[in-house]
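Please open the model in your viewer and keep the selection panel at hand. The stops below are meant to be taken in order.

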Amino acid sequence: MTLKQCERCEILKPIESYESKGSRICKECKEEHRKQRMERYSKVDLGLDALDSSLELIHCMRNDVSMAYQVSYEKAKNLVQEGRATVYSSDTIYKTEKVKTERFNDVKIEANFTCHYCGEYGDTIDHIIPLDKGGSNAKSNLVCSCRECNELKNNMKYERFMDLMNKYGKQELLKNRGNIQKKFTSLKKVNQEILNNINKKNKNKVDSLDDMINSVLNKKTKW
Ligand SMILES: [Zn+2]
Ligand SMILES: [Zn+2]
């Protein structure tokens with residue numbers, strides 16, 4: 001059995017007690033060290049004013065202190081304002097919220113794996129405000145969703161999707177999914193033409209998306 005002395009506790013331990021052959025301290029000491037660091041970071045909160053706004057990049061320590069990365073000052077400020085991080089020093093914030101995968105799991109467990117939109121079994125995460133529309137990964141922006149509702153909603157606004165769900169129900173929306181997508185693409189094209197004309201005439205912008213979706217679902221008018 002190969003033994004190796006830990007540089008921290010100075011005990012001779014079998015090589016299996018180390019994370020890798022190159023590790024200088026044993027797994028137990030490493031865990032102890034991590035806990036101490038976590039405690040140190042979580043005890044300090046200097047408040048947003050202490051963060052140096054002249055810095056372009058701010059160090060961001062992950063909540064389990066296993067990793068630090070850099071974020072822009074603006075991003076750091078947002079994280080603190082949203083209550084997702086605290087200020088440790090003028091150039092470092094400490095992410096108090098759990099890491100993303102754990103946060104996602106928490107949301108699903110708290111929802112009892114029930115889809116927020118249709119009430120059936122769900123095991124995916126949906127963003128209330130889509131990421132590409134400025135939504136964040138903050139817990140307040142996350143809901144548990146089934147795969148179908150998640151795909152149906154896509155990057156639709158929450159209110160619009162809730163409206164459609166209430167009006168037509170999931171099954172009807174699923175049936176017309178291809179249609180909606182097709183019409184949506186052609187409508188975008190038409191909208192652009194209309195918009196160009198309107199801009200020329202300096203009139204108000206019109207948004208006929210709702211009318212279009214209604215007409216697709218009611219199948220009254222052909223587009
Ligand atoms: Zn040790
Ligand atoms: Zn659903």
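The tour goes from the whole chain to a helix, a pair of strands and some loop residues.

This is a predicted model, in which local features need pLDDT of at least 70 and side-chain atom pairs count only at pLDDT 80 or more, while totals for chains, interfaces and linings use all residues. Residues are numbered from 1 along each chain as its sequence is written, and chains are lettered from A and ligands numbered from 1 in the order in which they are written.

**The whole protein**

Begin with a cartoon view, where the protein has 7 helices and 8 strands; helices (H or I, at least four residues) and strands (E, at least two) are DSSP runs, numbered from the N terminus. Of the 223 residues, 17% are buried, a residue being buried if 20 or more other C-beta atoms lie within 10 Å of its own, exposed if 12 or fewer, and partly exposed in between, with C-beta atoms placed from the backbone. Among contacts with a separation of 6 or more, 46% join residues 24 or more positions apart, where two residues are in contact if their C-beta atoms, placed from the backbone, lie within 7 Å.

**Helix H2**

Next, select residues 73–81, which form helix H2, and show the side chains of its buried residues, Ala76, Leu79 and Val80. Looking down the axis of H2, you will find that these buried residues fall within an arc of 95 degrees, so they line one face of the helix; the arc is that of the directions from the helix axis to the C-beta atoms. Add E3, strand E4 (68–72), strand E5 (85–89) and strand E6 (92–95) to the selection, since the buried residues of H2 pack against these strands. The face turned away from the buried side carries the exposed residues Glu74 and Gln81. After H2 comes glycine 83, whose phi is positive, near 75 degrees.

**Strands E7 and E8**

Now select residues 142–145, strand E8, in which Leu142 and Cys144 point one way and Val143 and Ser145 the other way, all of them buried. Strand E7 runs antiparallel to E8 and is joined to it by 4 bridges, the criterion for pairing being that DSSP finds at least two bridges between two strands. To see the register, select histidine 127, which stands opposite leucine 142 in E8.

**The loop between H3 and E7**

Glutamate 120 lies in the loop between helix H3 (100–110) and strand E7 (124–127), and it counts as partly exposed because it has 13 C-beta neighbours inside 10 Å. Apart from its neighbours within four places in sequence, glutamate 120 is in contact with Cys115 and Cys146. A distance label between the C-alpha atoms of glutamate 120 and serine 145, which are 25 residues apart along the chain, should read 8.6 Å.

Phenylalanine 113 is also found in the loop between H3 and E7, and its phi is positive, about 55 degrees, although it is not a glycine. Most residues other than glycine have a negative phi.

**Two further loops**

Select glutamate 10, in the loop between strand E1 (3–5) and strand E2 (12–14), where phi is near 60 degrees, a positive value in a residue other than glycine. Glutamate 10 counts as exposed, because it has 8 C-beta neighbours inside 10 Å.

Finish at aspartate 49, in the loop between helix H1 (27–43) and strand E3 (57–61). Is aspartate 49 buried or exposed? With 7 C-beta neighbours inside 10 Å, aspartate 49 counts as exposed. Its C-alpha atom is separated by 8.9 Å from that of valine 87, 38 residues apart along the chain.
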